[in-house]
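Visitor: I have never looked at this structure before. Could you show me around and tell me how each label is earned?

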Amino acid sequence: MEQATTGHYPIERREGEIERLHIQSTAMAADCDIMLERIGVGGGWACLDLGCGPGGITALLSTRVGAGGRVVGLDADVAFLEHARVNAAPNIKFIAGNAYRTDLVAGNFDLVHMRFIASTAGEPEKLIREAMRLAKPGGILAMQEPDMASLNCYPPNASWDRLKAALQGAFSSAGTDICLARRLYELARLSGLTDVQYRPFLVGVRSQDPWVDYLPSTVESLRGTIVGRALLSEDELNLALAGCRTHLRNPNVVFTSYTVAQVWGRTPLAPRS
Ligand SMILES: C[S@@+](CC[C@H](N)C(=O)[O-])C[C@H]1O[C@@H](n2cnc3c(N)ncnc32)[C@H](O)[C@@H]1O
């Protein structure tokens with residue numbers, strides 16, 4: 001990954017990380033589309049997905065804005081962007097950059113969107129300031145961030161609990177807030193957005209669903225931080241991963257995902273004095 005000059009993103013781009021992010025995006029596509037519909041994203045819009053990873057929501061935006069619109073995906077990880085460019089629709093452009101300080105021209109987008117970057121890389125206020133700068137006056141800033149409280153499996157399982165605690169510990173030790181959903185609405189209002197909307201959702205997952213490996217695969221992408229910060233030893237981690245995966249193979253087991261808060265609002269028409 002290119003060194004980002006701001007943010008403390010602890011997730012590693014190990015083999016399997018691109019697939020992990022794609023499966024996550026697919027699991028959330030229907031809810032993301034509900035948000036885009038409520039915002040009214042339509043033909044001809046110019047949209048930016050900040051921290052888009054290997055695609056983020058750019059394909060959903062591309063379909064909505066059509067040939068007369070344009071979509072830009074920005075990320076610090078050039079390998080993610082290379083992947084994203086393969087088979088991308090002609091109205092999408094992917095660019096490398098630092099989401100906290102993009103060097104993009106101000107006021108050029110009808111919609112600026114960010115998902116899971118403020119919570120995983122930190123400094124949400126700084127990101128929001130940059131996103132608001134990039135939106136047109138009166139344009140829309142939309143954010144989607146998680147709250148891990150609802151990430152629970154039924155029946156409960158000790159290995160699941162260990163992995164969940166390690167995941168939360170890894171983000172706290174990186175100084176980031178994986179439960180940012182709880183503060184997102186307030187942050188949006190305090191940043192000066194108006195007509196701020198709030199739509200939380202979660203996803204139910206069964207053992208046969210593609211997203212079933214969410215918790216083990218995400219913890220694997222945090223292995224360096226988890227072991228490096230002694231949250232679990234390598235052996236403890238491997239044991240918990242195996243135990244959790246065995247549990248999730250039971251066809252009677254289900255889990256509820258983390259809650260995602262969708263928050264969006266309008267940027268001021270004129271700069272605040
Ligand atoms: C959890 S991923 C989410 C990706 C995508 N938004 C999605 O929802 O599928 C967070 C993304 O933020 C990117 N990122 C982290 N720090 C960044 C920075 N300072 N500038 C740009 N991108 C950054 C990472 O490379 C990663 O692709």
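Guide: We will go through the ligand, a pocket, a ring pair and two backbone details. The model is predicted, so local features need pLDDT of at least 70 and side-chain atom pairs count only at pLDDT 80 or more, while totals for chains, interfaces and linings use all residues. Residues are numbered from 1 along each chain as its sequence is written, and side-chain values use heavy atoms, with hydrogens and water left out.

Visitor: What makes a residue one of those around the ligand?

Guide: One of its heavy atoms must lie within 4 Å of the ligand. There are 21 such residues, and Gly51, Asp75, Asn98, Ala99 and Arg115 come nearest.

Visitor: How do you know that Asp75 has a polar contact with the ligand?

Guide: A polar contact is a pair of N or O atoms within 3.5 Å. An N or O atom in the Asp75 side chain is 2.7 Å from an oxygen atom of the ligand, so the pair meets that limit. Asn98 has a polar side-chain atom 3.0 Å from a ligand nitrogen atom. Of the 600 Å² that the ligand exposes when taken alone, the protein buries 99% (accessible areas by the Shrake-Rupley method with a 1.4 Å probe).

Visitor: Why is a space called a pocket and not a cavity?

Guide: On a 1 Å grid over the protein atoms alone, a 1.4 Å probe fits in a cavity but cannot get out, whereas a pocket is an open set with protein on both sides within 12 Å along at least five of seven lines. The second largest pocket holds about 290 Å³, the space filled by probe spheres set on the grid points. Its lining, meaning residues with an atom within 4 Å of a point, has 20 residues, with His22 and Gly55 among those nearest the centre. Helix 2 gives the most, 4 residues (helices are DSSP runs of H or I, at least four residues; strands are E, at least two).

Visitor: Why is the pair of Trp211 and Tyr258 called edge-to-face?

Guide: Rings of Phe, Tyr and Trp (its six-membered ring) pair if their centres lie within 6.5 Å; planes under 30 degrees apart are stacked, over 60 edge-to-face and the rest tilted. Here the centres are 5.8 Å apart and the planes at 80°, so the pair of Trp211 and Tyr258 is edge-to-face. These residues are 47 apart along the chain.

Visitor: What makes Pro155 and Asp103 worth a stop?

Guide: Most residues other than glycine have a negative phi, and most peptide bonds are trans. The bond from Tyr154 to Pro155 is cis, with omega near -5°. Asp103 has a positive phi, near 70°, and lies in the loop between strand 3 and strand 4.

Conventions: A polar contact is a pair of N or O atoms within 3.5 Å; within protein, one must be able to donate a hydrogen and the other to accept it, and residues adjacent in sequence count only if both atoms are side-chain atoms.
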